[in-house]
Amino acid sequence: QVQLVESGGGLVQPGGSLRLSCAASGSIFSINAMGWYRQAPGKQRELVAAISWDSSTNYADSVKGRFTISRDNAKNTVSLQMNSLKPEDTAVYYCSADVRTNYYAGARNYWGQGTQVTVSS
């Protein structure tokens with residue numbers, strides 16, 4: 001089994017910053033892509049940022065220039081630095097990882113439980 005645990009959410013004023021972290025643990029052979037998604041009330045879950053094994057990154061247009069995704073392959077962690085936060089960034093943020101549990105297995109997608117980010121004055 002693989003578990004993803006997020007941390008770092010909270011309440012912040014517009015223009016402020018937050019840093020989300022996600023740690024993967026359990027039966028991990030390797031992790032391919034990792035990413036952050038978010039879901040606001042009444043909306044579909046959307047990709048915020050993704051990072052590949054070799055640290056190639058991809059961002060939603062709405063967060064480019066404000067958010068930075070990074071990973072530590074040795075620690076099986078992924079982080080999301082969020083700057084210049086806006087009220088429209090308010091959502092539950094989910095960590096995702098494509099994990100291989102052994103040499104012979106293909107990658108399977110795992111999700112964290114989510115962490116609330118609220119941007120409000």
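## Exercises around Arg38, a disulfide and a surface patch

Leaving aside neighbours within four places in sequence, Arg38 is in contact with Gln44, Arg45, Glu46, Val48, Ser62, Val63, Phe67, Glu88, Asp89, Ala91, Val92 and Tyr93. Please keep in mind that this is a predicted model. Let's work through it together.

### Exercise 1: The surroundings of Arg38

Find the strand that holds Arg38, decide whether Arg38 is buried or exposed, and identify side-chain polar contacts of Arg38 with Ser62 and Asp89.

**Solution**

1. Start with the location: Arg38 belongs to strand 4, which covers residues 30-39.
2. Next, check the accessibility. Arg38 has a relative accessible area of 6%, and buried means under 20%, so Arg38 counts as buried.
3. Now look at the side chain. One polar contact joins Arg38 to the side chain of Ser62 at 3.3 Å, and another joins Arg38 to the side chain of Asp89 at 3.0 Å.

### Exercise 2: The two partners, Ser62 and Asp89

Place Ser62 and Asp89 in the fold, classify the accessibility of Ser62 and of Asp89, and give their C-alpha separation.

**Solution**

1. Ser62 sits in the loop between strand 6 (57-59) and strand 7 (67-72), while Asp89 sits in the loop between strand 8 (77-82) and strand 9.
2. With a relative accessible area of 40%, Ser62 is partly exposed. Asp89, at 1%, counts as buried.
3. Along the chain, Ser62 and Asp89 are 27 residues apart, and their C-alpha atoms are separated by 9.0 Å.
4. To round off Asp89, list its contacts without residues up to four places away in sequence: Arg38, Arg66, Phe67, Ser84, Val117 and Val119.

### Exercise 3: The disulfide

How many disulfides does a search of the whole structure find? Describe the geometry of the pair Cys22 and Cys95, then say why the disulfide is called left-handed or right-handed.

**Solution**

1. The search of the whole structure finds one disulfide.
2. Such a link is a covalent bond between the sulfur atoms of two cysteines. Here the sulfur atoms of Cys22 and Cys95 are 2.1 Å apart, which fits the 2.5 Å cut-off for a disulfide.
3. The torsion about the S-S bond of Cys22 and Cys95 is about -80 degrees, so the disulfide is left-handed.
4. Distant parts of the chain are linked by this pair: Cys22 is in strand 3 (residues 18-26) and Cys95 is in strand 9, 73 residues apart.
5. Both ends deserve an accessibility check. Cys22 is buried at 2% relative accessible area, and Cys95 is buried at 0%.

### Exercise 4: A nonpolar patch

Which residues form a nonpolar patch on the surface, and what is their accessible area together? Then locate Phe29 and Tyr104 and classify each by accessibility.

**Solution**

1. The patch is made of Phe29, Tyr103 and Tyr104, with about 450 Å² of accessible area together.
2. Phe29 is found in the loop between strand 3 and strand 4, and Tyr104 in the loop between strand 9 (91-100) and strand 10 (108-111).
3. Phe29 is partly exposed, with a relative accessible area of 43%. Tyr104 reaches 75%, and exposed means over 50%, so Tyr104 is exposed.
4. Finally, see what surrounds Phe29. Apart from neighbours within four places in sequence, Phe29 is in contact with Arg100, Thr101, Asn102 and Tyr103. From Phe29 to Val99, the C-alpha distance is 7.4 Å, with their positions 70 residues apart in sequence counted as separation.

Conventions: Residues numbered from 1 in each chain as written. Predicted model: local features only at pLDDT ≥ 70, side-chain atom pairs only at ≥ 80, totals over all residues. Heavy atoms only, no water. Patch = residues over 30% accessible without salt bridge, like charges linked within 9 Å, V, L, I, M, F, W, Y side chains within 5 Å. Areas by Shrake-Rupley, 256 points an atom, 1.4 Å probe, with all protein chains shown as cover. Salt bridge = Lys/Arg side-chain N within 4 Å of Asp/Glu carboxyl O. Helix = DSSP H or I, 4+ residues; strand = E, 2+ residues; numbered from the N terminus. Buried < 20%, exposed > 50% of the residue type's maximum accessible area, 1.4 Å probe, protein only. Polar contact = N/O pair within 3.5 Å; in protein donor to acceptor, adjacent residues only side chain to side chain. Contact = heavy atoms within 4.5 Å.
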